[in-house]
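User: Could you take a close look at the sheet in this model for me? I'd like to know how its strands are arranged and what packs against them.

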Amino acid sequence: MKNKKNHPEKYFKNIAKIADLINYDEVNLMAYELSKIKKNNGRVFFLGVGGSAGNSSHAVNDFRKLCNIESYTPTDNVSELTARINDDGWETSYSNYLKSSRFNDKDAVFIFSVGGGSVNPDVSVQLINVAKYTKDKNGMVFSIVGK
């Protein structure tokens, strides 16, 4: 029982450690770049898997409603997403979504991922592929990732 009483203290100490690691200059740069995307009538495509897909959906709401930036996530259209996974494969489902959305150099992707993505072992490879596609199209890549 004693360990459970210390849990809140440990939890909030860990939050403070994480907050101290945040690079505020990078956060400011991200906000600046997002404001340029809005000014240039670009779009932001939010991408994530699992819980990060839920975060992406919520981010679309906030960016559209609060920031007035045109935003989308492929996970909000389960019919299209599952058809792409079935027909094209999971690894290219997001990049093919961007292709059909006519992604261009005024646009950006914003990736949420706990695992961060890896080719070996295969972890969220579709996120790595979509970042490569975005760079090939001279778009911006933003991310909040673990690891």
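Analyst: Going along the sequence, the chain reads α-α-β-α-β-α-α-β-α-β, which gives six helices and four strands. Keep in mind that this is a predicted model.

Now to the sheet itself. The four strands make an open sheet with parallel pairing, and the order across it is β2-β1-β3-β4. At the edges sit β2 (71-72) and β4 (140-145), each of which pairs on one side only. Looking at the β4 edge, you'll find β3 (residues 108-113) running parallel to β4, with six bridges joining the two. One spot to click on is Ile 111, whose bridge partner in β4 is Ser 143.

As for what packs there, helix α2 (residues 24-39) lies across β1 (44-47), β3 and β4. The angle between α2 and β4 is about 140 degrees.

For some context on the rest of the chain, 69% of the contacts between residues at least 6 apart in sequence join residues at least 24 apart. Buried residues account for 33% of the 147 in the chain, and the C-alpha trace spans about 55 × 35 × 30 Å along its principal axes. The accessible surface is about 9600 Å², with 53% of that belonging to carbon and sulfur atoms.

One surface feature to look at while you're there: Tyr 11, Phe 12 and Ile 15 form a nonpolar patch with about 320 Å² of accessible area together. Ile 15 belongs to helix α1 (residues 2-21), and this residue is partly exposed, at a relative accessible area of 37%.

Methods. Residues numbered from 1 in each chain as written. Predicted model: local features only at pLDDT ≥ 70, side-chain atom pairs only at ≥ 80, totals over all residues. Heavy atoms only, no water. Pairing = 2+ DSSP bridges. Contact = heavy atoms within 4.5 Å. Axes fitted to C-alpha atoms, helices over the stretch in contact; angles between N-to-C directions. Patch = residues over 30% accessible without salt bridge, like charges linked within 9 Å, V, L, I, M, F, W, Y side chains within 5 Å. Areas by Shrake-Rupley, 256 points an atom, 1.4 Å probe, with all protein chains shown as cover. Salt bridge = Lys/Arg side-chain N within 4 Å of Asp/Glu carboxyl O. Buried < 20%, exposed > 50% of the residue type's maximum accessible area, 1.4 Å probe, protein only.
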